[in-house]
Amino acid sequence: MGNIQLRQVNKSFGATQVIPGIDLTINEGEFVVFVGPSGCGKSTLLRLIAGLEDTTSGTIEIDGRNVTGEAPAKRKLAMVFQSYALYPHMSVRKNIAFPLKMAKMDQSAIDKKVEDAARVLNLTNYLERRPGQLSGGQRQRVAIGRAIVREPSAFLFDEPLSNLDAALRGNMRLEISELHHQLKTTMIYVTHDQVEAMTMADKIVVLNAGNIEQVGSPMELYHKPDNVFVAGFIGSPKMNLVSGDIAKPYGAATIGVRPEHLGISKTEGTWSGIAGVTEHLGSDTFIHVKTDKAGVITVRAPGETDIRFDDKVYLTPDASRVHKFDDRGLAIR
Ligand code: ADP
Ligand code: MG
């Protein structure tokens with residue numbers, strides 16, 4: 001259950017092509033994240049899988065069955081959106097029960113399913129409240145509960161945490177990952193936030209202007225980005241990308257070095273420069289160095305660094321961690 005196969009899926013709105021032809025396999029039980037900048041086609045792709053949009057061409061199969069053109073209700077998928085779309089006048093219990101009521105399930109079976117879902121989501125004590133009496137995180141859990149009771153073959157999440165503040169987002173990230181471990185159901189999760197992608201996914205699909213740039217595990221994308229786009233998108237702070245004469249000694253058009261793969265010293269090193277703004281996070285310090293030849297380079301230094309604004313410094317990239325790209329932006333390996 002929950003195998004999804006896209007073959008040459010193409011979507012245009014009028015004359016505008018949004019998805020130019022995507023092949024993708026999602027395996028049973030996987031947590032797959034679609035990540036990419038705003039407007040790259042993530043929601044469109046999810047809506048095509050859900051059946052909320054029709055494909056322009058290509059096919060979608062779920063568990064070996066061609067569902068292209070089939071109504072959303074027949075696909076046995078459950079979608080959770082950024083806006084929780086709860087019924088404000090109904091209790092949490094009734095909101096979660098709603099799809100089962102619509103399916104005319106008998107009341108005792110409904111009660112059991114709702115109570116099971118509430119237990120998984122820590123909502124047991126809130127079942128008689130209305131959505132207006134809940135926090136944002138609890139409301140999103142109710143929306144997830146409404147999806148769970150349908151026992152879908154896959155869950156589709158479209159930026160479900162975007163309305164929550166940073167601390168709550170961190171909590172909900174853990175809760176959704178925990179839920180995936182418990183249910184072991186296929187989940188497809190859309191976000192523009194690479195931190196969410198890295199922390200939650202078994203498999204990340206990086207999208208850019210409707211194209212798949214790379215598919216891989218978080219650590220594959222971190223260690224072996226296929227191209228400059230993925231290199232710059234995955235990782236925080238961002239990978240430093242340098243083109244021109246500095247890249248040439250490496251036999252590349254562009255090189256990339258992550259902030260955590262650079263040494264910084266006041267006495268010696270490969271690239272000289274002046275320390276600019278230093279961001280103290282406690283555990284780490286991010287130092288933005290204005291180098292003489294490589295532009296501004298961000299370095300991750302220990303929390304207790306003695307480097308200050310305006311100090312003369314030297315940077316040394318870890319040679320084994322330098323990523324090389326050709327003039328088309330593709331990785332040289
Ligand atoms: P994302 O979710 O990655 O931010 P979307 O999938 O929402 O991106 O949109 C991708 C592109 O498709 C955007 O350029 C958007 O304007 C366009 N688009 C989305 N839905 C429609 C629609 N119903 N009609 C016309 N253009 C659309
Ligand atoms: Mg979207």
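These legends describe close-up views of one predicted protein model.

**Figure 1. The whole protein, with its helices and strands.**
The predicted model holds eight helices and 19 strands. Its C-alpha trace spans about 75 × 45 × 30 Å along the principal axes. The protein has 333 residues, and 48% of them count as buried. About 15,800 Å² is exposed, with 50% of that area supplied by carbon and sulfur atoms. Take the contacts between residues at least 6 apart in sequence: 63% of them join residues at least 24 apart. Charged side chains number 39 positive and 38 negative. The centres of these two sets lie 5 Å apart.

**Figure 2. The contact between domain 1 and domain 2.**
Domain 1 covers residues 4–230, and domain 2 covers residues 238–325. Their C-alpha centres are 38 Å apart. Six residues from domain 1 and eight residues from domain 2 make the contact. Together the two domains bury about 570 Å² between them. Carbon and sulfur atoms account for 60% of that buried area. On the domain 1 side, the residues that lose the most area to domain 2 are Tyr 222, Pro 225 and Val 228. These three make up 78% of what that side buries.

**Figure 3. The cis peptide bond at Pro 237.**
Most peptide bonds are trans. The bond from Ser 236 to Pro 237 is cis, with omega near -5°. Pro 237 sits in a loop. Helix α8 (228–233) and strand β11 (240–243) lie on either side of that loop.

**Figure 4. Asn 10 in strand β1.**
Strand β1 runs over residues 4–13 and includes Asn 10. Asn 10 counts as buried because its relative accessibility is 13%, and the cut-off for buried is under 20%. Leaving out residues up to four places away in sequence, Asn 10 touches seven listed partners by name: Gln 17, Ile 19, Pro 20, Gly 21, Thr 55, Thr 56 and Ser 57.

**Figure 5. Helix α2 and its packing partners.**
Helix α2 spans residues 92–102. Its buried residues are Val 92, Asn 95, Ile 96, Ala 97 and Leu 100. An α-helix has 3.6 residues a turn, so residues three or four places apart point the same way. The buried residues of α2 pack against two other helices, α3 (107–120) and α4 (136–148). Lys 104 follows α2. The phi of Lys 104 is positive, near 60°.

**Figure 6. Val 205 in strand β9.**
Val 205 belongs to strand β9, residues 203–208. Val 205 counts as buried because its relative accessibility is 0%. Beyond residues up to four places away in sequence, Val 205 touches Leu 24, Val 32, Val 33, Phe 34 and Val 35, and also Ile 212, Gln 214 and Val 215. Gly 170 is 35 residues from Val 205 along the chain. The C-alpha atoms of Val 205 and Gly 170 are separated by 21 Å.

**Figure 7. The loop residue Ala 209.**
Ala 209 is in the loop between β9 and β10 (211–216). Most residues other than glycine have a negative phi. The phi of Ala 209 is positive, near 50°. Ala 209 counts as exposed because its relative accessible area is 55%.

**Figure 8. The loop residue Asp 310.**
A loop between β16 (296–302) and β17 (312–317) holds Asp 310. Asp 310 is not glycine, yet its phi is positive, near 80°. Its relative accessibility is 53%, so Asp 310 counts as exposed.

**Figure 9. Gly 273 in strand β14.**
Gly 273 is part of strand β14, residues 271–280. With a relative accessible area of 0%, Gly 273 is buried. Neighbours within four places in sequence are set aside here. The contacts of Gly 273 then include Val 289, Lys 290, Thr 291 and Asp 292. They also include Asp 311, Lys 312 and Val 313. Lys 312 is 39 residues from Gly 273 along the chain. The C-alpha atoms of Gly 273 and Lys 312 are separated by 6.0 Å.

Key:
Residues are numbered from 1 along each chain as its sequence is written. Chains are lettered from A and ligands numbered from 1 in the order in which they are written. This is a predicted model: local features need pLDDT of at least 70, side-chain atom pairs count only at pLDDT 80 or more; totals for chains, interfaces and linings use all residues. Side-chain values use heavy atoms; hydrogens and water are left out. Helices (H or I, at least four residues) and strands (E, at least two) are DSSP runs, numbered from the N terminus. Buried means under 20% relative accessible area, exposed over 50%, partly exposed in between (1.4 Å probe, protein chains only). Contact means heavy atoms within 4.5 Å. Accessible areas come from the Shrake-Rupley method with a 1.4 Å probe; for residues, only the protein chains shown count as cover. Lys and Arg count as positive and Asp and Glu as negative; His and the chain ends are not counted. The place of a charge is taken as NZ of Lys, CZ of Arg, CG of Asp or CD of Glu. Domain bounds come from an automatic or database domain assignment. Buried area is the accessible area (1.4 Å probe) that two parts lose on being put together, summed over both.
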